[in-house]
Amino acid sequence: MRVYLYILSEISSALVGWSIGQFFLSDLGWLKQFPELVLFPSVAISLAVGTVATEIFLSNPTRTKVNFRIFRLPLGIAAVLGLLIGLASGGMAEFLFMPQTRESLPIVSNWFVRIVGWLLIGGAVGIAEGFTWRWRSVEAGDTKRFLQRCLTSIVAASSAGFIAALIFEVLRPTLTNLPPEWKGIEDVVGFGLLGFLLGVVFSFSTSPSYMAALRAGAGFEYTEPNPAPPINSPTIQRVRDGRPLLKFVSNGYSEQIEEGLSIQLPVRGEITIGSGKNAAIRLPGIPLHASSLDLSSRQAILTPNKKYFDTIAVRGETLKSNNPVPLKHNDILTFYTTNQSEANGKNFFRFVYYNRFLDPEA
């Protein structure tokens with residue numbers, strides 16, 4: 001479904017941009033002698049804005065009001081980037097199409113100019129999508145992840161523009177030989193093809209990241225610590241044996257678990273939960289080793305300690321045995337405390353398990 005929606009959105013955006021360009025050229029008569037200087041910015045703006053809007057609403061389909069609140073700045077930035085790069089690519093095309101330029105640079109052919117222009121349009125859309133992601137997701141706070149997303153979007157969109165231009169050049173002789181009543185179909189097919197390929201690549205390159213996480217809930221509210229308890233706050237172990245182990249999705253430099261924070265889990269490996277100093281997730285007052293989370297490809301299995309399984313509840317039901325429990329998205333995990341002197345008055349700690357992309361703004 002995501003692929004179809006992206007394709008429909010991108011084709012519609014491309015054709016809307018072309019229609020706007022035709023309105024300026026044909027109806028208003030603006031810059032008729034420089035058509036690329038009008039068409040390229042119109043299509044680039046429409047595609048950039050349409051792409052960003054589509055990604056926002058597809059990533060958060062149930063948060064319509066929030067989407068309308070946050071999408072103004074990203075759409076504005078996308079429009080400006082589309083305009084600037086569209087004007088640059090259109091200006092370059094017009095310059096290369098000028099007779100004086102063609103005389104001095106006979107090696108530059110019409111098809112070469114069109115291919116470079118479409119590649120730049122694709123690049124404009126990719127830059128707009130990748131750059132504005134910073135304002136659409138807290139995940140973009142990770143500089144490495146943000147740069148990776150930007151590069152992926154730019155390469156994917158530029159490739160789509162390049163491939164669309166090559167296919168169009170193959171089809172162009174056939175389209176130019178159509179009857180006069182089909183005049184104008186050439187641009188419609190070309191920009192429709194560009195939108196189709198952009199929809200295909202964006203449906204995959206912008207697909208939500210898979211991220212397993214434990215979101216801290218009840219029990220992690222702030223309380224004043226006891227005078228000097230052995231362990232006075234729930235924490236995570238960020239580094240083990242010199243390697244990164246755990247971090248928070250939106251607060252990567254902290255160790256203390258607070259209500260509302262989400263602990264990003266690794267894709268593979270074992271995470272221990274307990275009150276011992278070697279536990280990856282340390283919760284004061286629960287057994288030294290209460291359970292472990294065995295993580296594999298898109299799956300997490302809770303394995304309770306055989307001595308303390310009755311201190312754990314999954315989906316609101318206390319465990320009756322130490323049998324491993326496969327976790328599902330939105331499962332609630334509760335760890336009950338057994339040592340009140342360490343627990344700072346807490347009776348339990350509760351997490352919500354997520355097994356798909358988690359945006360802390362949600």
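**Exercise 1. Leu 166 and its patch**

Task: Is Leu 166 buried, partly exposed or exposed?

Solution.
Step 1. Take the cut-offs: buried is under 20% relative accessible area, exposed is over 50%, and partly exposed lies in between (1.4 Å probe, protein chains only).
Step 2. Leu 166 has a relative accessible area of 37%, so Leu 166 is partly exposed.
Step 3. Place the residue. Leu 166 lies in helix α7. Helices (H or I, at least four residues) and strands (E, at least two) are DSSP runs, numbered from the N terminus.
Step 4. Look around Leu 166. A nonpolar surface patch is formed by Leu 119, Phe 162, Ile 163, Leu 166, Ile 167 and Leu 171. Together they have about 440 Å² of accessible area, by the Shrake-Rupley method with a 1.4 Å probe, where for residues only the protein chains shown count as cover. Patch residues have over 30% relative accessible area and no salt bridge; like charges are joined within 9 Å, nonpolar side chains (Val, Leu, Ile, Met, Phe, Trp, Tyr) within 5 Å.
Step 5. Helix α7 (residues 143–176) gives the most to this patch, with five residues.

A note on the source: this is a predicted model, where local features need pLDDT of at least 70, side-chain atom pairs count only at pLDDT 80 or more, and totals for chains, interfaces and linings use all residues. Residues are numbered from 1 along each chain as its sequence is written, and side-chain values use heavy atoms, with hydrogens and water left out.

**Exercise 2. Two packed helices**

Task: At what angle do helix α2 and helix α6 pack?

Solution.
Step 1. Helix α2 spans residues 36–59 and helix α6 spans residues 110–132.
Step 2. Their angle is about 35 degrees, and their axes are 9 Å apart. Axes are lines fitted to C-alpha atoms, for helices over the stretch in contact; angles run from 0 to 180 degrees between N-to-C directions.
Step 3. Find the contacts (heavy atoms within 4.5 Å). Residues of α2 including Phe 40, Leu 47 and Val 52 meet residues of α6, among them Trp 118, Ile 121 and Val 125.
Step 4. Turn to Ser 46, also in helix α2. Ser 46 counts as buried, at 12% relative accessibility. Ser 46 touches Ser 13, Val 16 and Gly 17, not counting residues up to four places away in sequence.

**Exercise 3. Salt bridges**

Task: Which parts does the pair Arg 114 and Glu 169 tie together?

Solution.
Step 1. Use the rule: a side-chain nitrogen of Lys or Arg within 4 Å of a carboxyl oxygen of Asp or Glu. The count comes to five salt bridges.
Step 2. Arg 114 and Glu 169 meet in one of them, at 2.7 Å, N to O.
Step 3. Arg 114 lies in helix α6 and Glu 169 in helix α7, so the pair ties together parts 55 residues apart in sequence.
Step 4. Check the cover. Both Arg 114 and Glu 169 are buried.
Step 5. Add a network: salt bridges link Glu 55, Glu 129 and Arg 149.

**Exercise 4. Arg 315**

Task: What is the phi of Arg 315, and which residue is its salt-bridge partner?

Solution.
Step 1. Arg 315 has a positive phi of about 55 degrees, although it is not a glycine. Most residues other than glycine have a negative phi.
Step 2. Arg 315 sits in the loop between β11 (312–314) and β12 (317–318).
Step 3. The partner is Asp 331, with the closest N and O atoms 2.6 Å apart.
Step 4. Asp 331 lies in strand β14, so the pair ties together parts 16 residues apart in sequence.
Step 5. Compare the cover. Arg 315 is partly exposed at 46%, whereas Asp 331 is buried at 4%.
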